[in-house]
Amino acid sequence: MESRKLRVGQTITPAQFDELTDEQLVRLIPRAYREFFPGKDFCADGHFYLHDGTAWSFYKAGFLDE
């Protein structure tokens with residue numbers, strides 16, 4: 001991935017997801033949800049589930065149901 005600055009709410013492509021580390025991915029998640037990030041290896045199709053059953057998507061930079 002090019003050297004653009006990673007920011008909360010930034011969308012990424014599946015290829016970019018594969019290139020980023022856990023530390024880089026966590027920067028894209030709002031602070032309120034960072035503690036629920038299980039690590040890249042446990043993100044099915046670029047998303048992970050929060051405590052309330054909603055899912056955060058790196059490809060949408062938001063919740064899957066929005």
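Which residues does Leu28 touch, not counting residues up to four places away in sequence? Hold on to that one, everybody; I'd like to start my few minutes with the answer. Leu28 touches Leu6, Arg7, Val8, Gly9, Gln10, Ile12, Leu20, Trp56 and Phe58. Before going further, please keep in mind that this is a predicted model.

Let me stay with Leu28 for a moment. You'll find Leu28 in the loop between helix 2, residues 22-26, and helix 3, residues 31-34. Is Leu28 buried or exposed? Its relative accessible area is 2%, and the cut-off for buried is under 20%, so Leu28 counts as buried. Leu28 also belongs to the largest nonpolar core, which has 14 residues. Ile12, Leu25, Leu28, Phe37, Phe48 and Phe58 are the ones that touch the most other members of that core. For a distance to set beside this, take Thr54: Leu28 and Thr54 are 26 residues apart along the chain, and their C-alpha atoms are separated by 17 Å.

One of the contacts of Leu28 is Leu6. Leu6 sits in the segment before helix 1, which covers 14-19. With a relative accessible area of 14%, Leu6 is buried. From Leu6 to Leu25 there are 19 residues in sequence, yet C-alpha to C-alpha the pair is 8.3 Å apart.

Now let's step back to the whole chain. The chain has 3 helices and 3 strands, and along the sequence they follow the pattern α-α-α-β-β-β. What would the radius of gyration be for a compact globule with 66 residues? The expectation is near 11 Å, and the chain has 11 Å, so the two agree. Along the principal axes, the C-alpha atoms fill a box of roughly 35 × 20 × 20 Å. Of the 66 residues, 36% count as buried. Among contacts with a separation of 6 or more, 24% are between residues 24 or more positions apart.

For those of you who like surfaces and charges, here are two more values. The accessible surface comes to about 4,300 Å², with 49% of it belonging to carbon and sulfur atoms. The chain carries 8 positive and 11 negative charges, and the mean positions of the two sets are 10 Å apart.

Next stop, the loop between helix 3 and strand 1, with strand 1 at 47-49. Asp45 lies in this loop, and so does Gly46. Asp45 has a positive phi of about 55 degrees although it is not a glycine. Asp45 is exposed, with a relative accessible area of 66%, whereas Gly46 counts as buried at 1% relative accessibility. What does Gly46 touch, not counting residues up to four places away in sequence? The list is Phe17, Trp56, Ser57, Phe58 and Tyr59. Gly46 and Phe17 are 29 residues apart along the chain, with 7.2 Å between their C-alpha atoms. If you remember the opening list, Trp56 and Phe58 are also touched by Leu28.

Last residue, I promise: Ala61. Where is Ala61 found? Look in the loop between strand 2, at 55-57, and strand 3, at 62-63. Its phi is near 55 degrees, a positive value in a residue other than glycine. At 17% relative accessibility, Ala61 counts as buried.

That's my tour, and thanks for listening!

Conventions. Residues numbered from 1 in each chain as written. Predicted model: local features only at pLDDT ≥ 70, side-chain atom pairs only at ≥ 80, totals over all residues. Heavy atoms only, no water. Helix = DSSP H or I, 4+ residues; strand = E, 2+ residues; numbered from the N terminus. Rg over C-alpha atoms; globule rule 2.2 N^0.38 Å. Buried < 20%, exposed > 50% of the residue type's maximum accessible area, 1.4 Å probe, protein only. Contact = heavy atoms within 4.5 Å. Areas by Shrake-Rupley, 256 points an atom, 1.4 Å probe, with all protein chains shown as cover. Lys, Arg positive; Asp, Glu negative; His and termini not counted. Charge placed at Lys NZ, Arg CZ, Asp CG, Glu CD. Core = buried A, V, L, I, M, F, W, Y, C linked by side-chain atoms within 4.5 Å.
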